[in-house]
Amino acid sequence: MQSQILPSRAALVDRIALQFEYGQNLIVLLGPSGLGKSYLLETFITDKYSDFNKSFVQLSARMSDMQLMSELLEQSFRSPLIDQNLSLSENFYQLAKQQNCGPCLWVLDGGRHLSEEMVEELTTLTKHSPTTLYVLLASQSVGQFKSAVEIHLEALSIAESKQLMKCYFNDLPYDEDPVFQTFLREAHGNPSLLLAWQPTQHTAKVVVTDKVSWRVHLITLLVIIMLLIIGFLYKSDMTRWWHDFYQPQPETPVATAIAVDTLKQAVTEPAVTIDSSQVEAADAQSADQQAQPEQDKPLIDNPTQENNVAAILDSLAPVAEPVDITTSLAEEPTVVEPVPQTQQIMPADNAWYLQQPDSKVVIQLLAVTQQTIAEQFVAKQSLQVLGKVYQTRRNDKVWWVVTYGSFDNLNAAREALASLPEAVRKNQPFYKKISKIKQEIALLDQ
């Protein structure tokens, strides 16, 4: 038997042979392209009916009926004399009378290329053959033979899809790999698509860069808008305050002068150190002024100005710089706070991965094209101890891949994954062998 045949396909081979034993001489195997009809036909003609004269013909659109007839008869009889003016059935009858060919098995691949005349000839031969004749065809056309038994070839299940790929690929990803799972689902059990798997291209790419970039830009935009709104409101309040306290009032020149003097005194005080003691002092000064005679209380005639001292203090409290009104004021020294730098991690350490055994397992947490994103991720999640970074090349871009730990087997990696922070596990990390990582590191030099 041919090697690497799946259980469902082996069972179908036995089923076809059983149909022939039940008296069905013409069987059509139906299914779309890529499901493995040709492979199954080759398995059938190799494993079944070893004592039959066997003929296998690969049909094509360029093959004529005369060429097909010659192929079938030459593989069934010894040096047959074929009359080109006779049909397939007529030639078969004459040759069968001349020599005993024994039972025959004809397997035709590409039945959709058969002409209507050849379809009728095969139908006639299977019904009235002078010897045992079994005909098995693979086709995509339903109802091509009216009296044939049609068997539909089903797509592979997910389990058999993995089993088929293991026969041809030595180092497949783990089942948890999201890209591998997507590939299996999209192949829909088609063997030709499954065998088109390319390990160097079908690699998981966790899309984190776009999410982070999008969020950072959005937050930055919102902060800018808020600052503009606050600045506009603050400017409006200052303009209104300036208008209230510096608008010339001819009818009360003395009150205006005193208000300006009071403002100068308040401004000369350090603006950022105004506290409740200054407010109490201002209130006390206001109370003293109320006890003075009429000519010493210029603000008492306008009750709305009685709260102006507190308003001035409140408006100066958030001001970080002194206000220049009529005279140069003392400037407070500006203290510049040092900006803490973002905690950096060590650069990509490809050499560490190359020194690890191929059987070791790591947990892939992140894959991005910006090194700063990888560094911020490791620092924020406190992964500096067991976290590692390697570089690879995909689609003409250099990628930084963050992994975690180095484990002897998959079970140990799963236990470690459960202990990682929720923010890390939300990114759907998965497991990867060191051997796979070494293949990706090799792409960096290509």
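Two strands are taken to pair if DSSP finds at least two bridges between them. With that criterion, the exercises below work through a predicted model.

**Exercise 1. Which strands does S1 join, and which residues stand opposite one another?**

Begin with strand S1, residues 26–30, which is joined to S5 by four bridges, the two running parallel. Because the criterion for pairing asks for at least two bridges, the four bridges between S1 and S5 satisfy it. Within this pair, Leu30 stands opposite His152 in S5, and Ile27 stands opposite Val149 in S5. Turn next to S4, which is joined to S1 by five bridges and also runs parallel to S1; here Leu26 stands opposite Val135 in S4.

**Exercise 2. Compare the two faces of S1 with those of S5: which side chains are buried?**

In S1, Leu26, Val28 and Leu30 point one way while Ile27 and Leu29 point the other way, and all of them are buried. This agrees with the count for the strand, in which five of five residues are buried. In S5, residues 149–152, the side chains alternate: Val149 and Ile151 point to one face and are buried, whereas Glu150 and His152 point to the other face and are not. Taking the steps together, Ile27 stands opposite Val149, which is on the buried face of S5, and Leu30 stands opposite His152, which is not buried.

**Exercise 3. Which residues have the most contacts inside the largest nonpolar core, and which elements each supply at least two residues?**

The largest nonpolar core has 27 residues, and those with the most contacts inside it are Leu88, Trp106, Leu114, Leu122, Leu137 and Phe145. At least two residues of this core come from each of S1, helix H3 (65–76), H4, strand S3 (104–109), helix H5 (116–128) and strand S4 (133–139). A second core of 24 residues is separate from it and includes Ala10, Tyr49, Tyr134 and Leu153. To look at one residue in detail, take Leu114, which, leaving aside neighbours within four places in sequence, is in contact with Leu59, Leu68, Val119, Leu122, Leu137, Gln144 and Phe145.

**Exercise 4. Is Leu95 buried or exposed, and what does it touch?**

Leu95 is located in helix H4, residues 88–98. Its relative accessible area is 2%, so Leu95 is buried, the cut-off for that term being under 20%. Not counting residues up to four places away in sequence, Leu95 touches Leu73, Phe77, Pro80 and Leu81. For Phe77, which is 18 residues from Leu95 along the chain, the separation of the two C-alpha atoms is 7.6 Å.

**Exercise 5. Which backbone oxygen does the side chain of Thr392 reach, and is Thr392 buried or exposed?**

Thr392 belongs to strand S7, residues 387–394. Its relative accessibility is 0%, and therefore Thr392 counts as buried. The side chain of Thr392 reaches the backbone oxygen of Glu440 at 2.5 Å. Glu440 is also among the residues that Thr392 touches beyond four places in sequence, together with Lys397, Val398, Trp399, Val401, Ile441, Leu443 and Leu444.

**Exercise 6. Set the UniProt transmembrane region against the model: what are its helix and strand contents?**

An unreviewed UniProt entry lists residues 214–234 as "transmembrane region". In the model, this span is 100% helix and 0% strand, and its end C-alpha atoms lie 30 Å apart.

Conventions. Residues are numbered from 1 along each chain as its sequence is written. This is a predicted model: local features need pLDDT of at least 70, side-chain atom pairs count only at pLDDT 80 or more; totals for chains, interfaces and linings use all residues. Side-chain values use heavy atoms; hydrogens and water are left out. Buried means under 20% relative accessible area, exposed over 50%, partly exposed in between (1.4 Å probe, protein chains only). Contact means heavy atoms within 4.5 Å. UniProt positions are given in the numbering used here, feature names are shortened, and annotations may be inferred rather than shown by experiment. A polar contact is a pair of N or O atoms within 3.5 Å; within protein, one must be able to donate a hydrogen and the other to accept it, and residues adjacent in sequence count only if both atoms are side-chain atoms. A nonpolar core is a set of buried Ala, Val, Leu, Ile, Met, Phe, Trp, Tyr and Cys residues joined through side-chain atoms within 4.5 Å.
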